[in-house]
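Biologist: Before planning any bench work, I should like to go through this model with you step by step. Please reason from the coordinates in each reply.

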Amino acid sequence: MAHRFEIRKNKKGEFVSYFIYNSETIWWTEGYSSKASANNAIASVLKNGPNAEVVDNY
């Protein structure tokens, strides 16, 4: 699979959700105190992202 989500802990011990594409980190979330919150961030992207508008400013 060329893309995936990962949950990792940062240096502060917070949970952070990452989106990885072709082994490269594309974006990440803020740090969360619970793993459930990091999972909720991923669920929100999966729910709301597929219909997101594409804006071409050029």
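The exchange below takes up the sheet, the helix, the loops and the aromatic rings of this predicted model.

Biologist: In which sense do strands β1 and β2 pair?

Modeller: The model is predicted, and the reply rests on its backbone. Strand β1 covers residues 3–9 and strand β2 covers residues 15–21. At one end His3 stands opposite Tyr21, and Lys9 has Phe15 as its bridge partner. The strands are joined over seven bridges, and the sense of the pairing is antiparallel.

Biologist: Which residue in the turn of the β1–β2 hairpin has a positive phi?

Modeller: Strands β1 and β2 form a hairpin, and five residues lie between them. In that turn, a phi of about 85 degrees belongs to Gly13.

Biologist: Which strands are at the edges of the sheet?

Modeller: The sheet is open and has three strands in the order β1-β2-β3, with antiparallel pairing. An edge strand here pairs on one side only. That applies to β1 and to β3, the latter spanning residues 24–28. On average, neighbouring strands of this sheet are turned by 35 degrees against each other, direction ignored. The edge strands are therefore β1 and β3.

Biologist: At what angle does helix α1 run to β1?

Modeller: Helix α1 comprises residues 35–48. The helix lies across β1, β2 and β3. Its direction relative to β1 is about 160 degrees.

Biologist: Is Ser17 buried or exposed?

Modeller: Ser17 is placed in strand β2. Its contacts beyond four places in sequence include Glu6, Ile7, Trp27, Ala38 and Ile42. The relative accessible area of Ser17 is 0%, and the limit for this class is under 20%, so Ser17 is buried.

Biologist: Which backbone oxygen does the side chain of Ser17 reach?

Modeller: A polar contact requires N or O atoms within 3.5 Å. The side chain of Ser17 comes to 2.7 Å from such a partner. The partner is the backbone oxygen of Ala38.

Biologist: Which residues does Thr29 touch, leaving out those up to four places away in sequence?

Modeller: Thr29 lies in the loop between β3 and α1. With a relative accessible area of 15%, Thr29 is buried. Its contacts under that restriction are Val16, Ser17 and Ala41.

Biologist: What is the phi of Ser23, which is not a glycine?

Modeller: Most residues other than glycine have a negative phi. Ser23 is found in the loop between β2 and β3, and at 70% relative accessibility this residue is exposed. Asn22 is also in the loop between β2 and β3, with a positive phi of about 50 degrees although it is not a glycine. For Ser23 the phi is positive, at about 65 degrees.

Biologist: How is the aromatic pair of Tyr18 and Trp28 classed?

Modeller: There are four aromatic pairs in the count. For Tyr18 and Trp28, the distance is 6.4 Å centre to centre, with 35 degrees between the planes. Planes under 30 degrees apart would count as stacked and over 60 as edge-to-face. The pair is tilted.

Biologist: How many residues apart in sequence are the parts that Tyr18 and Trp28 tie together?

Modeller: Tyr18 counts as buried at 15% relative accessibility, whereas Trp28 counts as exposed at 54%. Tyr18 belongs to strand β2 and Trp28 to strand β3, so the pair ties together parts whose separation in sequence is ten residues.

Biologist: How is the pair of Phe19 and Trp27 classed?

Modeller: Phe19 is buried at 18% relative accessible area, while Trp27 is partly exposed at 28%. Their ring centres are 6.0 Å apart. Because their planes are at 15 degrees, the pair is stacked.

Biologist: Which residues form one aromatic cluster with Phe5?

Modeller: The stacked pair just described takes part in this cluster. The residues grouped with Phe5 are Phe19 and Trp27.

Biologist: Which feature does UniProt place at residues 22–56?

Modeller: Over residues 22–56 the chain is 40% helix and 14% strand. The end C-alpha atoms of this stretch are 24 Å apart. The name comes from an unreviewed UniProt entry, which gives the feature as "domain: DUF1508".

How values were computed. Residues numbered from 1 in each chain as written. Predicted model: local features only at pLDDT ≥ 70, side-chain atom pairs only at ≥ 80, totals over all residues. Heavy atoms only, no water. UniProt positions renumbered as here; feature names shortened; annotations may be inferred. Helix = DSSP H or I, 4+ residues; strand = E, 2+ residues; numbered from the N terminus. Pairing = 2+ DSSP bridges. Buried < 20%, exposed > 50% of the residue type's maximum accessible area, 1.4 Å probe, protein only. Polar contact = N/O pair within 3.5 Å; in protein donor to acceptor, adjacent residues only side chain to side chain. Contact = heavy atoms within 4.5 Å. Axes fitted to C-alpha atoms, helices over the stretch in contact; angles between N-to-C directions. Phe/Tyr/Trp six-rings, centres within 6.5 Å; stacked < 30°, edge-to-face > 60°.
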